[in-house]
Structure formats: structure tokens, C-alpha cells
Amino acid sequence: MDQIVSEKHGVVGGYVPERPDWTIAQDWQAYSSEEHGVWRTLFERQVALMPGRACQAYMDGLRDLPIDADTIPDFEKLSDVLMRRTGWQVVAVPGMVPNDVFFDHLANRRFPAGQFIRKAHELDYLQEPDVFHDVFGHVPMMMNPVMADFMQAYGEGGLRADRLGELDRLARLYWYTVEFGLVEEAGALRIFGAGILSSFSETRFALEDASPNRIGFDLRRVMRTLYRIDDFQESYFVLPSIDSLLDFARTDFAPIYDELHNTRDLAAAEVIEGDRVFTRGTGERTR
Ligand code: CO
């Protein structure tokens, strides 16, 4: 799922869920050969970009899961492997789900994945996260024990932030890590964010284009930073390691929300004093 959700959750065209947790059957047998073909197209062009761009944890997760070019993955088979490795399972949902439902799934180590796949004529366009974004982008990272714990903590933190009226700040943490995060590995930048890893053009843009900023990750700074939902990001934030996510899984954010009350929001393209700048972007894409 995407944390675009914080804006769009619950407004899915008056959809009434059959089950209170919004899950549906994946109904794997019902995918058509055209749908499996869209998966193959997306998978093949994306997997070719991964070496030297995706982080090691992602590559390891992808290798160890039953995910290949031939068919849309079967969530039960994914869950069998995930459950043994990190105690997570993948459940099918029709699209975006309400925030509280989303957080409750994560808090219980269930990853809600879109059951549908985009159409062949809109390979690069995505209104809602589909099975390619959710499974190819997110699920390999869920094989990593630190990401697994972080995602559960995020679900728990989401339920608390919702009560505190601080969802926007928490959503920015998710956005700039789980969806659009970069990580430093052996002196080079690598991708771990699912929003990038599932996007053919953003995978190269995030690492190689001159336009965006690449800035060392700082929790408070990121919680102040607005983001783009309509285009590639103007800034990417770089974690020192995937393991550093564990700090956030153990952090009580309530005092940090308080601390940030008198600060202004930062524009997505802004660079501020104190930033550890890896790359100062030209901003040419969005100017
Ligand atoms: Co997502």
C-alpha cells in the first residue's frame, strides 16, 4: 500500500467492504493470461534495473521469495515464505483502505497488497497501488527483519498518531523511507523504497538524475518535509543503513511531534542549514 493513503484512504468511490478488515480473496486462478503478461512485462524491465541500484536487503528478499516473471505471485505462497522468515503475511485488498484498517494490518504483521494489476496501456501510470507496486516493490524488503519490525511499529505508531492528529508527520517518515528511501551501502547510494523500485523511470531518476536533492536522513527534518504525490520526488533522503530503521521502530514520537509544533513545514525541494547534502539538485525537472 501507499501512504498516499493518508490523503486518499477511505474515499474509494463509495466502496463498501465485504469484511471489516477490507481483505478480499486474491482469487489467483481468476487472473487472465493478459494480466500475467502485464506482470511479466513489468517484472522483466524492472528486474534488469535492480543490480547496482537496489539495496542488498531487497536483492536478497527478491531472490528468496516465490516471485518470478511467469505469473502474478500467489499471496499464499509468498506468505508461507515470509511467515517463516519474519512472521509477516500478504493479504489481498481491492485498493486503498482506510487509515485505521491499514495501520491495524501492519500492527498485526499483515501487509495489505492490491489484488489487481494495472492495464497494459498504462504501465507507468498508477492511481492506486496495484499488485506490482505492492508485491514487487514492498514484499522483498519485508523479508528483512529490521524492515519487518519497522513496519509493525509504523502500524502501531499510525494508530497513535491518528489519535494525536499527527498523521501527516508520521506519513512523511513512511513516505521518505518505505516508499522513497535511499540507503548508503559501501560508499554508494542504493534504493530500498518501494515507490522507486516499482517505477521504471524513477529507479534511474532517483539515483542518476541531476534534478533531485539527495540528503542525509534526519528524523525531525524529514517529519517537516512535504512531498510530491503527482511526480517524482524533489528530494530523496539517505539512511546510513537499513538497520538504522530499528531506532525509529523503538522511538516514541509523541515528544517529537510536540517539539516540531513551532517549526514550519519545508518544501519538497528545499535544502536547509544542517543538511548533509549528498547531491544538491538542479531542480530542472520541476522548474
Ligand atoms: Co507503497
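Which residue in β7 does I215 stand opposite? I215 stands opposite V277 in that strand, and the legends below place this pair in its surroundings.

The structure is a predicted model, in which local features need pLDDT of at least 70, side-chain atom pairs count only at pLDDT 80 or more, and totals for chains, interfaces and linings use all residues. Residues are numbered from 1 along each chain as its sequence is written, and side-chain values use heavy atoms, with hydrogens and water left out.

**Figure 1. The open sheet has 5 strands with mixed pairing.** The strand order is β4-β3-β6-β5-β7. Helices (H or I, at least four residues) and strands (E, at least two) are DSSP runs numbered from the N terminus, and two strands pair if DSSP finds at least two bridges between them. β4 (188-191) and β7 (277-279) stand at the edges, each with a single partner strand, so one side of each has no neighbour in the sheet. On average, neighbouring strands are turned by 35 degrees against each other, direction ignored; the axes are lines fitted to C-alpha atoms, for helices over the stretch in contact, and angles run from 0 to 180 degrees between N-to-C directions. Strand β3 (residues 182-185) runs antiparallel to β4 and is joined to it by 4 bridges. The bridge partner of E185 in β4 is A188.

**Figure 2. Strand β5 (residues 213-216) carries buried residues pointing two ways.** In a regular strand the side chains alternate between the two faces of the sheet. N213 and I215 point one way from β5, while R214 and G216 point the other way, and all are buried. Buried denotes under 20% relative accessible area, exposed over 50%, and partly exposed the range in between (1.4 Å probe, protein chains only). β5 pairs with strand β6 (residues 235-239) in the parallel sense over 4 bridges, and F237 is the bridge partner of I215 in β6. With β7, β5 pairs in the antiparallel sense over 2 bridges, and there I215 faces V277.

**Figure 3. Salt bridges include one that links the loop before β7 to β3.** A salt bridge is a side-chain nitrogen of Lys or Arg within 4 Å of a carboxyl oxygen of Asp or Glu, and the count by this rule comes to 20. The closest N and O atoms of R276 and E184 are 3.8 Å apart. R276 lies in the loop between α13 (254-259) and β7 and E184 in strand β3, so this pair ties together parts that are 92 residues apart in sequence. E184 is partly exposed, with a relative accessible area of 23%. R264 and E270 also form a salt bridge, at 2.5 Å from N to O; R264 is partly exposed, at 46% relative accessible area.

**Figure 4. D60, R63, D64 and R85 are joined into one network by salt bridges that share partners.** Within this group, the side chains of R63 and D64 meet in a salt bridge of 2.9 Å, N to O. R63 is exposed, with a relative accessible area of 58%, whereas D64 is partly exposed, at 26%.

**Figure 5. The search of the whole structure finds 3 cavities of 30 Å³ or more.** On a 1 Å grid over the protein atoms alone, a cavity is a set of points where a 1.4 Å probe fits but cannot get out, and a pocket is an open set with protein on both sides within 12 Å along at least five of seven lines; lining residues have an atom within 4 Å of a point. Grid points are joined across faces, edges and corners, and a volume is the space filled by probe spheres set on the points. The largest cavity holds about 50 Å³ of space and is lined by G157, R160, A161, L164, D252, F253, A254 and Y257. α7 (145-164) gives the largest share of this lining, 4 residues. By class, the lining has 5 nonpolar, 1 polar and 2 charged residues, where Ala, Val, Leu, Ile, Met, Phe, Trp, Tyr, Cys and Pro count as nonpolar, Asp, Glu, Lys and Arg as charged, and the others, Gly among them, as polar.

**Figure 6. The second largest pocket has a volume of about 190 Å³.** Its lining includes W28, D74, F75 and E76. α4 (75-86) and β1 (89-93) are the elements that give two or more residues to this lining, and β1 gives the most, with 4.
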